[in-house]
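Reader: I would like a close look at one part of this model, the packing of one pair of helices, set carefully against the rest of the chain. Please give the cut-offs behind each term as you go.

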Amino acid sequence: MITAEALVKSYGNKVAVDAINFTVRPGQVTGFLGPNGAGKSTTMRMIVGLDRPTSGSVHVNGRRYQDHRAPLREVGVLLDAKAAHKGRSAYKHLLAIGATHGIGASRVREVIGLAGLDSVAGKRVGGFSLGMGQRLGIATALLGDPATIILDEPVNGLDPEGVRWVRTLMRNLAAEGRTVLLSSHLMSEMAQTADRLIVIGRGRILADDSISNIIAGATRSVTRVRTPDTERLMATIAGPGVVVSVLADGAIEISGLTAEHVAVAASTAGVVLHEVASVSGSLEEAYIALTAGEVEYRSSHIAETGAHR
Ligand SMILES: Nc1ncnc2c1ncn2[C@@H]1O[C@H](COP(=O)(O)OP(=O)(O)OP(=O)(O)O)[C@@H](O)[C@H]1O
């Protein structure tokens, strides 16, 4: 469990983290999202004692990270995948880190296997690809078999198999009852991996909820229908607040009525429906809507053409 209370970090007069409160619970994957410069890395660094809060507190299992007797066994962290000593082999790197906590060769071999690094364990870390470095960073985070795992952009540079591996690993770690906090800018990945999200913008919490609640709150959901009798359906469901649009492929999108309402109204009026579904927005749409006013670094406007190359 990670608990932040009125957590503040300022650099001179720049407030990077602005009095935030949150709880990251065990048994779930919690995603940490926000635009560049929102304060994610600063928050993660404070959780693991690499930055001191200007005020407020952040605790892991009731204590500050630096007050844990064996922090590696308490919290596993991947903040910078390039942090490993370039001249050492992956095996020696993990062995050196493990030595500080009495973690021996058998656990090192275990995490090497878990991270899929068996074939390169003896190779110098300096020659590792970005993806191999990420895997080594994750292996390092898991070394102490910690109950809390914090990973900053763990899928950065991984190929699709690697991305899937991280997703499954995170889900399994949470299912074992561990606390998992991870940041990523990849919305589709986050939607598949996380149970809950904390969204941060300019150092403040913009949302802290389940993914489905965040999508429902920040995007419009519509009812999509297909019927051979468009005219009659439209007449049947017409009413205040009901907006109907006919799409190019013949489907009808209705806002202002649930799928259940539309199905019952159609059935009562004897209108045949070939399809009726509730279509909600994507996490990406919700994220863009939530962070619209909070982006610190924005590119000049590029219109979406909808064209596919
Ligand atoms: N050491 C520092 N000195 C001064 N300003 C800093 C320092 N570290 C971070 N900042 C500023 O604090 C703000 C938050 O930065 P942080 O790196 O935590 O954001 P982030 O959400 O992790 O961004 P990204 O997605 O780009 O990694 C930014 O405006 C950044 O410029």
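Author: Helices here are DSSP runs of H or I with at least four residues, strands are DSSP runs of E with at least two, and both are numbered from the N terminus. On that basis the protein chain has 11 helices and 13 strands. This is a predicted model, in which local features need pLDDT of at least 70 and side-chain atom pairs count only at pLDDT 80 or more, while totals for chains, interfaces and linings use all residues. Residues are numbered from 1 along each chain as its sequence is written.

The pair to look at is α3 and α4. Two packed helices are described by the angle between their axes and the distance between the axes. Helix α3 covers residues 90–99 and helix α4 covers residues 105–114, and their axes come within 9 Å and cross at roughly 130°; these axes are lines fitted to C-alpha atoms over the stretch in contact, with angles running from 0 to 180 degrees between N-to-C directions. The two helices are therefore oblique to each other, given that angles under 35 degrees count as roughly parallel, over 145 as roughly antiparallel, 65 to 115 as roughly perpendicular and the rest as oblique. The crossing of α3 with α4 is right-handed, a term used if the near helix is turned clockwise from the far one by less than a right angle, whereas an anticlockwise turn makes a crossing left-handed.

On the α3 side the meeting residues are Ala90, Tyr91, Leu94, Leu95 and Gly98, and on the α4 side they are Ala105, Arg107, Val108, Val111 and Ile112, where contact requires C-beta atoms, placed from the backbone, to lie within 7 Å. By class, the residues of this contact are 8 nonpolar, 1 polar and 1 charged (Ala, Val, Leu, Ile, Met, Phe, Trp, Tyr, Cys and Pro count as nonpolar, Asp, Glu, Lys and Arg as charged, and the others, Gly among them, as polar).

A second pair can be set beside this one. Helix α9 (residues 230–237) and helix α10 (residues 259–269) pack at an angle of about 115°, with axes 10 Å apart, and are therefore roughly perpendicular to each other. Their crossing is right-handed. Arg232, Leu233, Thr236 and Ile237 of α9 make this contact with Val262, Ala265, Ala266 and Ala269 of α10, and the contact divides into 6 nonpolar, 1 polar and 1 charged residues.

As for the wider setting, the chain is divided into domain 1 (2–216) and domain 2 (222–279), with bounds that come from an automatic or database domain assignment. The centres of the two domains, taken over C-alpha atoms, are separated by 45 Å, and the C-alpha trace of the chain spans about 75 × 45 × 40 Å along its principal axes. Buried residues make up 36% of the 309 residues, a residue being buried if 20 or more other C-beta atoms lie within 10 Å of its own, exposed if 12 or fewer, and partly exposed in between, with C-beta atoms placed from the backbone.

One buried residue is methionine 132, which has 21 C-beta neighbours inside 10 Å and is placed in helix α5 (residues 130–142). Leaving aside neighbours within four places in sequence, methionine 132 is in contact with Leu117 and Val120; leucine 117 is 15 residues away from methionine 132 in sequence and 7.6 Å away in space, C-alpha to C-alpha.

Notes
Two residues are in contact if their C-beta atoms, placed from the backbone, lie within 7 Å.
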